[in-house]
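Please look over the model below, and then follow the text from one particular helix outwards to the whole chain and to the ligand.

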Amino acid sequence: MLEVFLTEEQKRFKQEVQDFVKSVPRQLILDMDADKIKFPYEFVRDAGRRNLLGIRFPKKYGGRDLKWVDEILYIGEINKLGVPFACLCSVTSIVGEALNLFGAEAQKEKYLKPLIAGTQWAGEALTEPRGGSDFFGATTVARKKGNIYYLTGQKRFTVGAEGADFFLVYAVTNPGAGRDSLSAFIVERDMGVEVKHVYGLMGSRGTGTGRLVFRDVPVPEENLLGKENDGAKIFYRMMVPERLLSGGVGGSRAILEVAARYANKRKAFGMTIRNFEGVNFKIADCVTKLDAVSAFAYAVAKTVDDGVGTPGYQRRLVSELKKLATQTYWEVTNDAMQILGGIGYTNTYPVERALREARLAMIWTGTNEVMNLIIQHEYYKEILAKGIEGRDVEADVALTEEQLAEERIYESEPIPAAT
Ligand SMILES: Cc1cc2nc3c(=O)[nH]c(=O)nc-3n(C[C@H](O)[C@H](O)[C@H](O)COP(=O)(O)OP(=O)(O)OC[C@H]3O[C@@H](n4cnc5c(N)ncnc54)[C@H](O)[C@@H]3O)c2cc1C
């Protein structure tokens, strides 16, 4: 995050997160990337012990009562360990958001507290094999008999399929009711969740990403989160941390620095390559984009903190940030690799791992095409509802009203009927 926005307290907090990030063994990063580790339990427990999980949640559940702006700062530092680590810390924030805002007191005691403490882990099970973008088309069903719901269906790509103690699962309770058809459930692994497949990933490995199968899994009614058929409300709220936290681009900042230091030392044609415009303009473009993303991330986080605007307006900004931040992450990492030349493509530098991880960010938590859908939808809704604010720029033209009426044509005239 840009220095200008940081208070003294946030600078101390940043230092605390940096100390934790520095303490994480390099071997863990390498072993996760090599798929030698299915789930990094020790990392999660250590983060919990240091009170560095679920930092926005109330102190009474073990959180720190911090703000979204603090969380952006936090996730930007965690992100220097790589995308899988930022992902794990984000999952606490995402599932925790649902538990904190919609959970009954007993659910918060049972699930939110250990999640923040790092003694239990959660998975977020939204995406299904039939598709993730069309969330409301989910086909996992929950049928109620007595005071038990029986869940049947599948969820795909769940981080923590291997590793999580419980899952936040969306299932149909009101078939055919569109956005009112889904409910959210807290489903413990031991209730009968099966892990059918653990994926071989291009990057971002070591977080137990797999496919879950539910065959009439009995879930007691006290594990319904919020009200029946209110899944959409919970989903929309979870999408705030899910997408906003993409704004913590510390990982690509760190990779850009690797490239800049390399360019400052590496020689070609008798001079350091930073003297070539093809190299140094890339650095300039990358750092400009990262600074713009960081400033925007702060603005969006503060908008949500302060509750500015309608939920639709906030949704638009959060989606814009997700799109901009993840595209930038990819572009910067890709440029960093170009600057390193051939050696960047090898495992001599962490750039190739970062590039493999960066590619995922434009796909998960809602693809960037889906972000565009939301952005344009909310933007049209806003401008058409409010009318013209301030000066009417459209009127600043030389034509008369009569000429305008003839020239500003929006649809074709009906063909006159034959006489
Ligand atoms: C490593 C990894 C970890 C993940 N972790 C989780 C997790 O923990 N929990 C979870 O629930 N999910 C998780 N996901 C799933 C992820 O969020 C989805 O993959 C993503 O939302 C896209 O869904 P899909 O893969 O089914 O693609 P599809 O929905 O099938 O989309 C395919 C393509 O079509 C495009 N498309 C679809 N609809 C439209 C449209 N209306 N307009 C324009 N383009 C469209 C998409 O942008 C995409 O390019 C993870 C995925 C991966 C790869």
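**A helix inside the structure**

The buried residues of helix α4 are Trp68, Val69, Asp70, Glu71, Ile72, Leu73, Tyr74, Ile75, Gly76, Glu77 and Ile78, where buried means that 20 or more other C-beta atoms, placed from the backbone, lie within 10 Å of the residue's own, exposed that 12 or fewer do, and partly exposed that the number is in between. Because eleven of the eleven residues of α4 (residues 68-78) are buried, this helix is largely enclosed by the rest of the structure. The cover over these buried residues includes α1 (8-23), α5 (83-102), α7 (231-244), α8 (250-265) and α9 (277-305).

Some remarks on the model belong here. It is a predicted model, in which local features need pLDDT of at least 70 and side-chain atom pairs count only at pLDDT 80 or more, while totals for chains, interfaces and linings use all residues. Residues are numbered from 1 along each chain as its sequence is written.

The protein as a whole has 13 helices and ten strands, taken as DSSP runs numbered from the N terminus, with H or I and at least four residues for a helix, and E and at least two residues for a strand. Of its 419 residues, 44% are buried. The C-alpha trace spans about 75 × 75 × 45 Å along its principal axes. A compact globule with 419 residues would have a radius of gyration near 22 Å, and the 24 Å of this protein agrees with that; the radius is taken over C-alpha atoms, and the globule rule is 2.2 Å times the number of residues to the power 0.38.

The domain assignment divides the protein into domain 1 (3-121), domain 2 (124-229) and domain 3 (249-386), with bounds that come from an automatic or database assignment. Between domain 1 and domain 3, twelve residues of the former are in contact with 14 residues of the latter, a contact being two residues whose C-beta atoms, placed from the backbone, lie within 7 Å. Helix α4 returns here, since it gives five residues, the largest share, to the side of domain 1 that touches domain 3. That side divides into five nonpolar, three polar and four charged residues, where Ala, Val, Leu, Ile, Met, Phe, Trp, Tyr, Cys and Pro count as nonpolar, Asp, Glu, Lys and Arg as charged, and the others, Gly among them, as polar.

Helix α8 is also the place of Leu256, which counts as buried because it has 23 C-beta neighbours inside 10 Å. Leaving aside residues up to four places away in sequence, Leu256 touches Cys286, Val287, Leu290, Val332 and Ala336.

In strand β1, Ala122 and Glu124 point one way and Gly123 and Ala125 the other way, and all are buried. Four bridges join β1 to strand β4 (residues 166-172), and the two run parallel, pairing being called when DSSP finds at least two bridges. Within this pair, Gly123 stands opposite Phe167 in β4.

The path ends at the ligand, which 22 residues surround, the closest being Leu126, Gly132, Ser133, Thr367 and Glu369; a residue is near the ligand if its C-beta atom, placed from the backbone, lies within 6 Å of it. Two or more residues of this shell come from each of β1 (122-125), β3 (148-158) and α12 (368-386), and α12 gives the largest share, three residues. By class, the shell has ten nonpolar, ten polar and two charged residues, and at least three residues are drawn from each of domain 2 and domain 3.
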